[in-house]
Amino acid sequence: MRRVVQARGGGLGQDSCEDVLQDVLLAIHTKRHTWRQDAPLRPWLYAIARHKVVDAFRARGRRIELAIDDFADALAAPQGPDPLDGRDMEKLLGALDPRAADIVRGFGLRGETTADTAARLGMTEGAVRVALHRALRTLARLRERMIE
Amino acid sequence: MNTDDLIAALAADTLPQPGIAQRLVWSLPVALAVCVAAFVAFWGVRPDLGAALASLAVLKMILPVLLAGLAGAVAIALAHPVEMAGRRWAVLAVFAAVLVATFVFHLQRGGLSGLVEALSISSLWVCLTSVPALGLPFLAAILWSLSTGAVLRPRLAGAVAGLAAGGASAAIYAFYCDQDAALFVLPAYGTAILSVALAGAICGPRVLRW
(Lines give C-alpha, C1' and ligand atoms only; values in the text may rest on other atoms or scores of the structure.)
Protein backbone atom coordinates (compact mmCIF):
# COMPACT_ATOMS: atom_id res chain seq x y z
CA MET A 1 0.00 0.00 0.00
CA ARG A 2 2.86 2.35 0.77
CA ARG A 3 4.18 1.84 -2.72
CA VAL A 4 0.77 2.43 -4.23
CA VAL A 5 0.43 5.71 -2.37
CA GLN A 6 3.96 6.77 -3.22
CA ALA A 7 3.54 5.93 -6.88
CA ARG A 8 0.28 7.83 -7.17
CA GLY A 9 0.90 10.60 -4.73
CA GLY A 10 4.53 11.29 -5.56
CA GLY A 11 3.82 15.00 -5.85
CA LEU A 12 2.83 15.12 -2.23
CA GLY A 13 6.29 14.62 -0.81
CA GLN A 14 7.62 11.83 1.33
CA ASP A 15 6.13 12.83 4.66
CA SER A 16 2.72 13.55 3.26
CA CYS A 17 2.72 10.17 1.58
CA GLU A 18 3.10 8.52 4.92
CA ASP A 19 0.18 10.58 6.27
CA VAL A 20 -1.95 9.59 3.31
CA LEU A 21 -0.91 5.97 3.75
CA GLN A 22 -2.09 6.09 7.34
CA ASP A 23 -5.36 7.60 6.12
CA VAL A 24 -5.75 4.76 3.68
CA LEU A 25 -5.08 2.16 6.35
CA LEU A 26 -7.56 3.80 8.69
CA ALA A 27 -10.16 3.88 5.92
CA ILE A 28 -9.55 0.26 5.00
CA HIS A 29 -10.10 -0.59 8.62
CA THR A 30 -13.28 1.43 9.21
CA LYS A 31 -14.84 0.56 5.85
CA ARG A 32 -13.85 -3.10 5.77
CA HIS A 33 -17.48 -4.18 5.93
CA THR A 34 -18.08 -2.71 2.46
CA TRP A 35 -15.89 -5.42 0.97
CA ARG A 36 -17.98 -8.49 0.21
CA GLN A 37 -16.19 -11.70 0.93
CA ASP A 38 -16.86 -13.18 -2.48
CA ALA A 39 -15.50 -10.09 -4.27
CA PRO A 40 -11.85 -9.74 -5.29
CA LEU A 41 -9.91 -7.85 -2.63
CA ARG A 42 -7.38 -5.91 -4.74
CA PRO A 43 -9.79 -3.68 -6.70
CA TRP A 44 -11.51 -2.83 -3.45
CA LEU A 45 -8.24 -1.85 -1.79
CA TYR A 46 -7.25 0.26 -4.79
CA ALA A 47 -10.61 2.01 -4.84
CA ILE A 48 -10.22 2.99 -1.18
CA ALA A 49 -6.61 4.08 -1.71
CA ARG A 50 -7.50 6.11 -4.78
CA HIS A 51 -10.30 7.89 -2.94
CA LYS A 52 -7.92 8.89 -0.14
CA VAL A 53 -5.10 9.98 -2.45
CA VAL A 54 -7.50 12.14 -4.44
CA ASP A 55 -8.72 13.60 -1.16
CA ALA A 56 -5.18 14.45 -0.20
CA PHE A 57 -4.55 16.26 -3.47
CA ARG A 58 -7.83 18.07 -3.18
CA ALA A 59 -6.90 19.18 0.30
CA ARG A 60 -3.79 20.73 -1.20
CA GLY A 61 -5.82 22.56 -3.79
CA ARG A 62 -4.72 20.56 -6.80
CA ARG A 63 -6.73 18.35 -9.06
CA ILE A 64 -5.59 15.07 -10.51
CA GLU A 65 -7.19 12.28 -12.43
CA LEU A 66 -6.25 8.75 -11.53
CA ALA A 67 -7.06 5.71 -13.62
CA ILE A 68 -7.28 2.45 -11.73
CA ASP A 69 -5.10 0.77 -14.36
CA ASP A 70 -2.22 2.98 -13.31
CA PHE A 71 -1.97 1.06 -10.09
CA ALA A 72 -0.83 -1.98 -12.00
CA ASP A 73 2.60 -0.39 -12.30
CA ALA A 74 2.70 0.46 -8.65
CA LEU A 75 4.83 -2.50 -7.60
CA ALA A 76 7.61 -1.47 -9.96
CA ALA A 77 7.80 2.03 -8.52
CA PRO A 78 11.14 3.02 -7.02
CA GLN A 79 11.07 3.08 -3.29
CA GLY A 80 12.87 5.94 -1.67
CA PRO A 81 13.90 6.09 1.94
CA ASP A 82 10.75 6.15 4.02
CA PRO A 83 10.54 7.83 7.33
CA LEU A 84 7.69 5.83 8.74
CA ASP A 85 6.40 8.51 11.05
CA GLY A 86 3.12 10.19 10.25
CA ARG A 87 3.01 13.71 11.60
CA ASP A 88 -0.71 14.16 11.19
CA MET A 89 -1.56 11.09 13.21
CA GLU A 90 0.40 12.44 16.16
CA LYS A 91 -1.64 15.67 16.03
CA LEU A 92 -4.83 13.65 15.91
CA LEU A 93 -3.88 11.55 18.90
CA GLY A 94 -3.32 14.79 20.77
CA ALA A 95 -6.89 15.80 19.95
CA LEU A 96 -8.34 12.57 21.35
CA ASP A 97 -9.14 12.42 25.02
CA PRO A 98 -5.97 11.30 26.85
CA ARG A 99 -7.28 7.93 27.90
CA ALA A 100 -8.38 6.97 24.38
CA ALA A 101 -5.05 8.13 22.96
CA ASP A 102 -3.29 6.12 25.64
CA ILE A 103 -5.19 2.99 24.67
CA VAL A 104 -4.35 3.42 20.98
CA ARG A 105 -0.69 4.00 21.85
CA GLY A 106 -0.73 1.02 24.18
CA PHE A 107 -1.71 -1.29 21.36
CA GLY A 108 0.41 0.39 18.74
CA LEU A 109 3.66 1.53 20.33
CA ARG A 110 3.93 -0.87 23.22
CA GLY A 111 2.28 -3.88 21.61
CA GLU A 112 -0.03 -4.49 24.53
CA THR A 113 -2.79 -7.05 24.42
CA THR A 114 -6.34 -6.35 25.49
CA ALA A 115 -5.63 -8.04 28.81
CA ASP A 116 -2.53 -5.87 29.45
CA THR A 117 -4.39 -2.65 28.79
CA ALA A 118 -7.34 -3.77 30.87
CA ALA A 119 -5.08 -4.58 33.83
CA ARG A 120 -3.11 -1.34 33.50
CA LEU A 121 -6.15 0.92 33.35
CA GLY A 122 -8.39 -1.13 35.63
CA MET A 123 -11.02 -1.69 32.94
CA THR A 124 -12.71 -4.85 31.77
CA GLU A 125 -11.42 -6.35 28.53
CA GLY A 126 -14.75 -5.67 26.85
CA ALA A 127 -14.55 -1.99 27.82
CA VAL A 128 -11.02 -1.77 26.40
CA ARG A 129 -12.18 -3.27 23.11
CA VAL A 130 -15.05 -0.81 22.86
CA ALA A 131 -12.80 2.12 23.83
CA LEU A 132 -10.26 1.19 21.16
CA HIS A 133 -12.97 0.78 18.57
CA ARG A 134 -14.46 4.19 19.39
CA ALA A 135 -11.04 5.83 19.49
CA LEU A 136 -10.21 4.58 15.98
CA ARG A 137 -13.54 5.74 14.65
CA THR A 138 -13.01 9.15 16.21
CA LEU A 139 -9.55 9.28 14.64
CA ALA A 140 -11.05 8.61 11.22
CA ARG A 141 -13.62 11.35 11.75
CA LEU A 142 -11.09 13.89 13.02
CA ARG A 143 -8.86 13.13 10.09
CA GLU A 144 -11.70 13.84 7.71
CA ARG A 145 -12.26 17.22 9.32
CA MET A 146 -8.57 18.00 9.12
CA ILE A 147 -8.57 17.35 5.37
CA GLU A 148 -11.54 19.63 4.92
CA MET B 1 2.76 7.76 15.30
CA ASN B 2 4.62 5.13 13.33
CA THR B 3 2.70 3.39 10.57
CA ASP B 4 3.52 -0.05 11.91
CA ASP B 5 2.19 1.03 15.30
CA LEU B 6 -0.98 2.22 13.68
CA ILE B 7 -1.35 -1.14 11.97
CA ALA B 8 -0.92 -2.88 15.31
CA ALA B 9 -3.61 -0.68 16.86
CA LEU B 10 -5.96 -1.28 13.94
CA ALA B 11 -5.39 -5.03 14.10
CA ALA B 12 -6.26 -5.03 17.80
CA ASP B 13 -9.71 -3.61 17.05
CA THR B 14 -11.81 -6.64 16.25
CA LEU B 15 -15.26 -5.21 16.91
CA PRO B 16 -17.46 -5.35 13.84
CA GLN B 17 -18.61 -2.11 12.29
CA PRO B 18 -22.39 -1.90 11.74
CA GLY B 19 -23.13 -2.40 8.06
CA ILE B 20 -25.48 -0.44 5.83
CA ALA B 21 -28.18 -3.10 5.95
CA GLN B 22 -28.01 -3.17 9.72
CA ARG B 23 -28.43 0.59 9.95
CA LEU B 24 -31.32 0.53 7.47
CA VAL B 25 -33.06 -2.08 9.60
CA TRP B 26 -32.84 0.34 12.52
CA SER B 27 -33.53 3.65 10.82
CA LEU B 28 -36.20 2.85 8.23
CA PRO B 29 -38.85 1.76 10.75
CA VAL B 30 -38.17 4.95 12.73
CA ALA B 31 -38.52 7.08 9.60
CA LEU B 32 -41.70 5.22 8.65
CA ALA B 33 -43.15 5.76 12.13
CA VAL B 34 -42.35 9.50 12.07
CA CYS B 35 -43.81 9.78 8.60
CA VAL B 36 -47.01 7.89 9.39
CA ALA B 37 -47.51 9.86 12.62
CA ALA B 38 -47.12 13.16 10.74
CA PHE B 39 -49.41 11.86 8.01
CA VAL B 40 -52.17 10.93 10.45
CA ALA B 41 -51.80 14.24 12.28
CA PHE B 42 -51.68 16.64 9.33
CA TRP B 43 -53.01 14.85 6.27
CA GLY B 44 -55.31 11.93 7.02
CA VAL B 45 -56.62 9.17 4.77
CA ARG B 46 -58.89 10.08 1.86
CA PRO B 47 -62.55 9.22 2.59
CA ASP B 48 -63.03 6.95 -0.44
CA LEU B 49 -59.92 4.88 0.19
CA GLY B 50 -61.72 1.54 -0.19
CA ALA B 51 -63.02 2.40 -3.64
CA ALA B 52 -59.66 3.88 -4.67
CA LEU B 53 -57.76 0.76 -3.65
CA ALA B 54 -60.07 -1.33 -5.81
CA SER B 55 -59.43 0.89 -8.86
CA LEU B 56 -56.38 1.79 -10.92
CA ALA B 57 -55.59 4.47 -8.33
CA VAL B 58 -53.90 1.75 -6.28
CA LEU B 59 -50.99 2.19 -8.70
CA LYS B 60 -50.31 5.51 -6.98
CA MET B 61 -49.11 3.49 -4.00
CA ILE B 62 -47.56 0.51 -5.78
CA LEU B 63 -45.42 2.35 -8.34
CA PRO B 64 -43.71 4.71 -5.86
CA VAL B 65 -42.95 1.78 -3.55
CA LEU B 66 -41.40 -0.05 -6.51
CA LEU B 67 -39.37 3.05 -7.33
CA ALA B 68 -38.19 3.27 -3.72
CA GLY B 69 -37.07 -0.34 -3.79
CA LEU B 70 -35.22 -0.06 -7.10
CA ALA B 71 -33.53 3.22 -6.24
CA GLY B 72 -32.65 1.91 -2.78
CA ALA B 73 -30.93 -1.11 -4.33
CA VAL B 74 -28.85 1.18 -6.55
CA ALA B 75 -27.97 3.42 -3.60
CA ILE B 76 -26.74 0.47 -1.54
CA ALA B 77 -24.59 -0.73 -4.44
CA LEU B 78 -23.11 2.79 -4.74
CA ALA B 79 -21.92 2.58 -1.14
CA HIS B 80 -19.83 -0.51 -1.91
CA PRO B 81 -16.70 0.28 -3.95
CA VAL B 82 -16.13 -2.01 -6.95
CA GLU B 83 -19.67 -3.30 -6.74
CA MET B 84 -21.17 -3.28 -10.21
CA ALA B 85 -24.57 -1.61 -10.10
CA GLY B 86 -25.14 -2.08 -13.84
CA ARG B 87 -28.09 -4.40 -13.66
CA ARG B 88 -29.77 -2.42 -10.90
CA TRP B 89 -29.32 0.78 -12.90
CA ALA B 90 -30.84 -0.91 -15.94
CA VAL B 91 -33.95 -2.00 -14.05
CA LEU B 92 -34.37 1.49 -12.61
CA ALA B 93 -33.94 3.05 -16.05
CA VAL B 94 -36.51 0.73 -17.64
CA PHE B 95 -38.93 1.54 -14.84
CA ALA B 96 -38.47 5.29 -15.33
CA ALA B 97 -38.78 4.92 -19.10
CA VAL B 98 -42.11 3.10 -18.75
CA LEU B 99 -43.43 5.91 -16.53
CA VAL B 100 -42.30 8.59 -18.98
CA ALA B 101 -43.82 6.66 -21.88
CA THR B 102 -47.12 6.39 -20.01
CA PHE B 103 -47.03 10.13 -19.42
CA VAL B 104 -46.36 10.86 -23.08
CA PHE B 105 -49.18 8.53 -24.09
CA HIS B 106 -51.65 10.37 -21.84
CA LEU B 107 -50.29 13.72 -22.95
CA GLN B 108 -50.98 12.90 -26.56
CA ARG B 109 -54.50 11.83 -25.75
CA GLY B 110 -55.30 14.83 -23.57
CA GLY B 111 -53.19 17.40 -25.35
CA LEU B 112 -51.26 20.23 -23.77
CA SER B 113 -54.44 21.99 -22.75
CA GLY B 114 -55.56 18.81 -20.99
CA LEU B 115 -52.30 18.81 -19.03
CA VAL B 116 -52.66 22.44 -18.01
CA GLU B 117 -56.24 21.81 -16.99
CA ALA B 118 -55.31 18.73 -14.97
CA LEU B 119 -52.58 20.61 -13.14
CA SER B 120 -54.59 23.78 -12.50
CA ILE B 121 -55.94 22.60 -9.19
CA SER B 122 -54.89 23.47 -5.67
CA SER B 123 -53.92 19.83 -5.07
CA LEU B 124 -50.82 20.47 -7.16
CA TRP B 125 -49.18 22.65 -4.51
CA VAL B 126 -50.30 20.36 -1.73
CA CYS B 127 -48.64 17.48 -3.56
CA LEU B 128 -45.45 19.41 -4.37
CA THR B 129 -44.94 20.38 -0.74
CA SER B 130 -46.30 17.29 1.03
CA VAL B 131 -44.21 14.65 -0.72
CA PRO B 132 -40.87 16.38 0.04
CA ALA B 133 -41.96 17.07 3.63
CA LEU B 134 -42.91 13.43 4.21
CA GLY B 135 -39.76 12.34 2.42
CA LEU B 136 -37.31 14.09 4.75
CA PRO B 137 -37.35 11.40 7.48
CA PHE B 138 -36.71 8.72 4.85
CA LEU B 139 -33.95 10.74 3.25
CA ALA B 140 -32.26 11.24 6.61
CA ALA B 141 -32.53 7.53 7.42
CA ILE B 142 -31.11 6.40 4.08
CA LEU B 143 -28.26 8.93 4.05
CA TRP B 144 -27.34 8.06 7.63
CA SER B 145 -27.25 4.39 6.68
CA LEU B 146 -25.20 5.00 3.55
CA SER B 147 -22.72 7.13 5.48
CA THR B 148 -21.34 4.01 7.15
CA GLY B 149 -20.51 2.66 3.71
CA ALA B 150 -17.81 3.86 1.36
CA VAL B 151 -19.53 6.05 -1.23
CA LEU B 152 -17.20 7.09 -4.03
CA ARG B 153 -19.71 9.36 -5.78
CA PRO B 154 -21.56 11.16 -3.02
CA ARG B 155 -23.65 13.49 -5.17
CA LEU B 156 -24.98 10.67 -7.30
CA ALA B 157 -25.58 8.42 -4.30
CA GLY B 158 -27.37 11.27 -2.52
CA ALA B 159 -29.64 11.83 -5.51
CA VAL B 160 -30.51 8.14 -5.79
CA ALA B 161 -31.16 8.02 -2.04
CA GLY B 162 -33.49 11.00 -2.53
CA LEU B 163 -35.28 9.13 -5.30
CA ALA B 164 -35.88 6.23 -2.93
CA ALA B 165 -37.01 8.54 -0.13
CA GLY B 166 -39.32 10.43 -2.48
CA GLY B 167 -40.84 7.18 -3.70
CA ALA B 168 -41.56 6.06 -0.15
CA SER B 169 -43.14 9.36 0.83
CA ALA B 170 -45.17 9.60 -2.38
CA ALA B 171 -46.68 6.18 -1.63
CA ILE B 172 -47.77 7.43 1.80
CA TYR B 173 -49.05 10.73 0.45
CA ALA B 174 -51.13 8.76 -2.08
CA PHE B 175 -53.36 7.62 0.79
CA TYR B 176 -54.43 11.26 1.18
CA CYS B 177 -54.43 12.51 -2.39
CA ASP B 178 -57.80 12.09 -4.11
CA GLN B 179 -56.66 13.16 -7.59
CA ASP B 180 -56.37 10.06 -9.74
CA ALA B 181 -56.04 11.49 -13.27
CA ALA B 182 -52.86 10.20 -14.90
CA LEU B 183 -52.16 13.65 -16.36
CA PHE B 184 -52.06 14.99 -12.81
CA VAL B 185 -50.42 12.14 -10.93
CA LEU B 186 -47.49 11.45 -13.26
CA PRO B 187 -46.14 15.00 -13.59
CA ALA B 188 -47.00 16.14 -10.06
CA TYR B 189 -45.68 13.09 -8.24
CA GLY B 190 -42.71 12.91 -10.58
CA THR B 191 -41.71 16.51 -9.90
CA ALA B 192 -42.21 16.09 -6.17
CA ILE B 193 -40.08 12.94 -6.07
CA LEU B 194 -37.37 14.55 -8.18
CA SER B 195 -37.23 17.49 -5.79
CA VAL B 196 -36.40 15.04 -2.98
CA ALA B 197 -33.70 13.59 -5.23
CA LEU B 198 -32.36 17.13 -5.68
CA ALA B 199 -32.26 17.59 -1.92
CA GLY B 200 -30.35 14.31 -1.66
CA ALA B 201 -27.88 15.43 -4.30
CA ILE B 202 -27.27 18.63 -2.34
CA CYS B 203 -26.81 16.86 1.00
CA GLY B 204 -24.88 13.89 -0.38
CA PRO B 205 -21.38 15.38 -0.67
CA ARG B 206 -21.58 16.69 2.88
CA VAL B 207 -23.15 13.68 4.58
CA LEU B 208 -21.44 10.89 2.67
CA ARG B 209 -17.84 12.03 2.79
CA TRP B 210 -15.28 9.80 4.50
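According to the unreviewed UniProt entry, chain B carries the feature "transmembrane region" at residues 24-45, 51-77, 89-107, 119-144, 156-176 and 182-204. The model discussed here is predicted. Two of the annotated stretches, 24-45 and 89-107 of chain B, are set out in the table.

| Stretch of chain B | Helix | Strand | Distance between end C-alpha atoms |
|---|---|---|---|
| Residues 24-45 | 91% | 0% | 27 Å |
| Residues 89-107 | 100% | 0% | 27 Å |

**Chain A: elements and confidence**

Chain A contains seven helices and zero strands. Its pattern along the sequence is accordingly written α-α-α-α-α-α-α. Of its 148 residues, 35% are buried. When contacts in chain A with a separation of 6 or more are considered, 67% of them join residues 24 or more positions apart.

The predictor's confidence varies along this chain. Chain A has a mean pLDDT of 75, and 76% of its residues reach 70 or more. Among its elements, helix 3 of chain A has the highest mean pLDDT, 85, while helix 1 (residues 2-8) of chain A has the lowest, 72. In residues 75-82 of chain A the pLDDT falls below 50, and this stretch makes nine contacts in the model beyond near neighbours in sequence.

**Chain A: two domains**

The domain assignment divides chain A into domain 1 (2-76) and domain 2 (87-147). Contact between them involves 10 residues of domain 1 of chain A and nine residues of domain 2 of chain A. On the side of domain 1 that touches domain 2, the elements giving two or more residues are helix 2 (14-30) and helix 3 (41-59) of chain A. Helix 2 of chain A gives the most to that side, with eight residues. By class, this side of domain 1 of chain A has three nonpolar, three polar and four charged residues.

**Where the chains meet**

How many residues does each chain bring to the contact between chain B and chain A? Chain B provides 24 residues and chain A provides 35 residues. The side of chain B that touches chain A divides into 14 nonpolar, six polar and four charged residues.

**The largest nonpolar core**

The largest nonpolar core holds 89 residues. The members that touch the most others are B:Ala71, B:Ala75, B:Ile142, B:Leu146, B:Val160, B:Ala161 and B:Ala164. Helix 7 (residues 154-173) of chain B gives the most to this core, with 12 residues. Chain A also takes part: the core draws at least three residues from each of domain 1 (2-76) and domain 2 (87-147) of chain A.

B:Ala71 illustrates how such a residue is placed. Apart from its neighbours within four places in sequence, B:Ala71 is in contact with B:Leu92, B:Val160, B:Leu163, B:Ala164 and B:Gly167. Two of these partners, B:Val160 and B:Ala164, are also listed among the core members that touch the most others.

**A residue of helix 8**

B:Leu198 belongs to helix 8 (residues 182-207) of chain B. Why does B:Leu198 count as partly exposed? B:Leu198 is so classed because 16 other C-beta atoms lie within 10 Å, whereas a buried residue requires 20 or more and an exposed one has 12 or fewer. B:Leu198 is separated from B:Cys35 by 163 residues in sequence, and their C-alpha atoms are 20 Å apart in space.

Notes:
Residues numbered from 1 in each chain as written. Chains lettered and ligands numbered in written order. Predicted model: local features only at pLDDT ≥ 70, side-chain atom pairs only at ≥ 80, totals over all residues. UniProt positions renumbered as here; feature names shortened; annotations may be inferred. Helix = DSSP H or I, 4+ residues; strand = E, 2+ residues; numbered from the N terminus. Domains from an automatic or database assignment. Contact = placed C-beta atoms within 7 Å. Nonpolar A, V, L, I, M, F, W, Y, C, P; charged D, E, K, R; others polar. Core = buried A, V, L, I, M, F, W, Y, C linked by C-beta atoms within 7 Å. pLDDT = per-residue confidence, 0-100.
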